[in-house]
Amino acid sequence: MKAIRRFSVRPVLPESLRPLSELARNLRWSWHPETRELFQSVDPEGWQAAGGDPLRLLGAVPATRLAALADDRRFRRRLAAAADDLHDYLTGRRWYQEQPPGLPEAVAYFSPEFGITAALPQYSGGLGILAGDHLKSASDLGVPLIGVGLLYRHGYFRQSLSREGWQQETYPLLDPDELPLSMLREPDGTPSRVALALPGGRSLRAYIWQARVGRVPLLLLDSDVEENGPGERDVTDRLYGGGSEHRLLQEMLLGIGGVRAVRTYCRLTGHPAPEVFHTNEGHAGFLGLERIRELAEQGADFDSALESVRAGAVFTTHTPVPAGIDRFDRELVARHLGDGGELPGIDVGKILELGLETYPGGEPNLFNMAVMGLRLAQRANGVSTLHGQVSREMFAGLWPGFDAEEVPITAITNGVHAPTWIAPEVFRLGARQIGASRAEDALTVGGKQRWDTVADIPDTDIWELRRTLREQLVEEVRERLRASWRQRGAGTAELGWIDGVLDPDVLTIGFARRVPSYKRLTLMLRDRERLTRLLLHPERPIQIVVAGKAHPADDSGKRLVQELVRFTDDPRVRHRVVFLPDYGMAMAQKLYPGCDVWLNNPLRPLEACGTSGMKAALNGCLNLSVLDGWWDEWYEPDFGWAIPTADGTAMDENRRDDVEAAALYQLLEDRVAPRFYDRGAGGLPGRWIEMVRRTLGTLGPKVLAGRMVREYVERLYGPAAEAQRALFPEAARELADWKARVRAAWPAVAVDHVETVADSPLNGTAELGSTVCLRVSVTLGDLDPSDVEVQAVAGRVDPADRLTRTAAVPLKPTGAPAMDGRRQYEGSLTLDSTGPFGYTVRILPAHRLLASGAELGLVALPPESSGDKAGVLMR
């Protein structure tokens with residue numbers, strides 16, 4: 001029989017145990033070992049049955065056990081200490097509070113998914129885990145962040161396998177009352193709600209749930225509201241599900257409804273209003289439109305409201321390929337944001353202009369969420385140095401006339417929240433070395449000096465740690481593999497072989513990913529016989545643990561999973577290679593520490609960052625990866641291996657995979673396995689241990705989310721807050737009018753003539769250290785010299801006469817305009833490097849409130865006949 005109604009019965013805790021509820025409802029427990037150990041001691045078997053979820057544990061503890069704990073003075077002392085520690089954490093001064101004044105009072109951080117803990121399954125992959133780590137690190141650093149997302153009633157899917165190895169999906173129903181959430185309520189106790197207007201007079205209403213992520217509130221919008229129609233009620237049914245209109249409604253609720261939820265939260269709690277709004281990927285881009293609507297209600301026109309919104313906005317792009325961006329038909333967007341829809345009173349034509357791909361190569365009838373995000377934010381970034389470069393090239397059409405390196409998209413390389421991802425055994429080893437307090441600082445704030453002491457840890461301690469973690473992984477794999485085979489229909493009598501799966505003394509390689517084609521789950525299978533020889537090598541065997549989910553609609557990804565599963569089912573190798581279904585945070589926290597090598601073989605440069613290797617590195621696992629994402633900028637042969645890539649444009653896909661797979665096999669055969677099994681005094685692999693030590697000491701402080709969040713604060717949040725404060729209504733109006741005037745006048749702006757003055761080198765060669773003096777004649781039309789900057793741009797010249805590694809030198813106006821209206825500018829270039837050298841001259845718009853000279857996408861360059869050949873050659 002099925003229940004016709006479902007509700008949760010909560011335990012009544014004795015008065016002395018009431019702090020347990022507070023500890024369970026603040027998700028800091030998910031990265032605080034002492035709090036988890038306290039809950040485990042409540043009921044060790046119940047803790048395991050609850051999957052390490054304190055709320056589920058407390059809901060199942062017998063009343064007799066609670067009564068016994070209430071009488072246990074030792075437990076009450078531990079509980080009081082944990083409660084006091086949480087209070088100190090929530091109220092004490094942290095890194096952010098020690099910074100100079102001027103940082104934002106609050107930052108709103110919007111993301112379509114958040115991976116905080118397996119107990120709150122609201123994530124599908126790297127984007128969500130990154131967002132969760134961002135919130136946790138902001139909490140540790142004291143950054144006043146407010147997280148905003150959606151509450152998906154089915155979360156992301158659970159993965160299992162059929163007997164034939166085909167991925168199967170289930171969507172368990174999540175009850176918010178059974179999750180570590182509380183509903184935001186008005187002073188009279190009624191639930192707080194936001195509402196969006198939809199075409200046809202319909203409304204989309206949503207409750208606001210709050211999760212407490214340490215010091216950071218996370219607001220999650222839930223459309224499962226009785227007054228909603230069936231379609232609206234299902235808007236937040238599942239993550240990345242449904243068709244185009246369903247996705248559009250999700251993103252409208254996230255962006256527009258999310259801003260309204262933030263306003264409601266601040267009204268009810270007194271939390272400072274955000275000065276900076278951070279959009280984590282394009283899904284939440286509509287938040288900028290809602291902020292424009294707010295300013296329009298206060299009397300601002302669209303253009304000045306746009307300038308104010310842009311000043312305080314940060315946009316982070318995570319995709320390196322156009323296909324990874326949400327794009328909607330313009331008519332669909334116009335119908336939902338035009339008359340009779342949301343954002344009344346705002347010209348829908350101006351809204352569409354923000355997202356349409358009106359640039360060479362774009363599709364002008366598609367509304368691009370990333371393009372809107374970039375047009376609505378004065379500051380934007382990619383998530384690794386290489387990804388920043390890829391993003392500048394991908395979006396260069398938005399800034400015509402500028403070379404890709406000058407496109408105003410910077411890069412902040414992702415990091416991972418060390419207290420979440422580091423194994424307790426690794427932390428204890430570090431705490432023994434430098435003390436618990438300094439070890440906590442090393443994991444949260446970072447700083448290389450705190451990690452240098454890794455060099456002093458004895459080889460025997462490091463090797464014992466690595467074997468302990470490997471042994472724990474072997475036990476975990478066998479347990480999960482047995483459960484998977486039972487789901488596939490196997491009986492107990494068929495599963496005796498699982499007791500011999502993996503060996504705690506064999507080199508263990510991990511590979512866990514989502515399964516889009518570019519991540520190449522099955523590259524390791526290109527030469528199966530060669531892989532089999534590696535797995536079964538008599539002296540230097542390897543073993544591989546693989547996990548990953550394909551999107552439910554991606555049959556090609558599912559076929560890759562099935563291909564790998566069928567290989568792992570082969571009785572010859574199944575004790576050496578396994579596939580674990582239902583990859584998630586709980587599995588990952590065991591998988592990363594237990595592996596010796598972390599494998600990553602995407603198609604370069606399609607991995608934006610790829611943080612799984614960072615989590616592995618924090619535990620002393622060495623990386624074996626294609627030079628993509630973060631590995632491209634931080635790889636050193638002292639602590640890992642780079643898989644060579646076949647980058648030739650003429651190489652077809654199959655040939656490229658063959659070449660790169662062969663390079664992978666060779667690395668494993670000739671370098672990785674021999675180093676692991678090369679034992680010296682005391683049976684220790686000294687050179688391997690030194691690579692582990694270098695991984696911890698050199699990569700450790702770099703891969704921290706604490707480092708990442710500090711960079712966001714210093715490079716993006718702080719400047720955005722200053723810009724936002726400068727854009728008071730009159731200044732925003734002035735800037736909007738100035739931009740309109742400059743755009744209208746720009747067609748008449750020109751570089752007319754460039755010449756070198758008499759004492760400059762004119763014969764095509766010059767000596768190092770000499771100076772080239774320039775005189776430039778320009779036409780500014782209706783603009784004044786204060787509206788522009790005339791620059792000489794100089795740098796090395798490549799074989800195609802393109803300038804590289806450039807530097808810009810402002811030129812100064814000299815005297816009044818000539819009779820024909822032309823103006824003269826002069827300046828000099830110092831030739832400070834040898835080799836082919838060149839220069840050009842350009843005119844850019846200039847205003848004190850611009851974040852970049854490229855912001856308007858306007859530039860005037862000299863025609864070929866403007867004067868001297870643009871450059872000199874230095875010998």
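Helix H11 (residues 302-311) is mostly covered, with nine of its 10 residues buried (under 20% relative accessible area, against over 50% for exposed and in between for partly exposed, with a 1.4 Å probe and protein chains only). This is a predicted model, where local features need pLDDT of at least 70 and side-chain atom pairs count only at pLDDT 80 or more, while totals for chains, interfaces and linings use all residues. Residues are numbered from 1 along each chain as its sequence is written, and side-chain values use heavy atoms, leaving out hydrogens and water.

**Helix H11**
- The buried residues of H11 are Phe302, Ser304, Ala305, Leu306, Glu307, Ser308, Val309, Arg310 and Ala311.
- Asp301 caps the N-terminal end of H11, placing a side-chain oxygen 3.1 Å from the backbone nitrogen of Asp303.

**A buried acid in helix H9**
- Glu251 belongs to helix H9 (residues 244-269).
- Glu251 is buried yet has no salt bridge (a side-chain nitrogen of Lys or Arg within 4 Å of a carboxyl oxygen of Asp or Glu).
- Arg247, the nearest side chain of opposite charge to Glu251, is 4.1 Å away.
- The side chains of Glu251 and His283 make a polar contact at 3.2 Å (a pair of N or O atoms within 3.5 Å; within protein, one must be able to donate a hydrogen and the other to accept it, and residues adjacent in sequence count only if both atoms are side-chain atoms).

**The negative patch**
- Glu34, Glu37, Glu440 and Asp441 form a negative surface patch (residues with over 30% relative accessible area and no salt bridge, like charges being joined within 9 Å).
- Helix H2 (33-42) and helix H18 (436-444) each supply at least two residues of this patch.
- Glu34, found in helix H2, counts as partly exposed because its relative accessibility is 41%.

Notes: Helix = DSSP H or I, 4+ residues; strand = E, 2+ residues; numbered from the N terminus. Patch = residues over 30% accessible without salt bridge, like charges linked within 9 Å, V, L, I, M, F, W, Y side chains within 5 Å. Areas by Shrake-Rupley, 256 points an atom, 1.4 Å probe, with all protein chains shown as cover. Lys, Arg positive; Asp, Glu negative; His and termini not counted. Charge placed at Lys NZ, Arg CZ, Asp CG, Glu CD.
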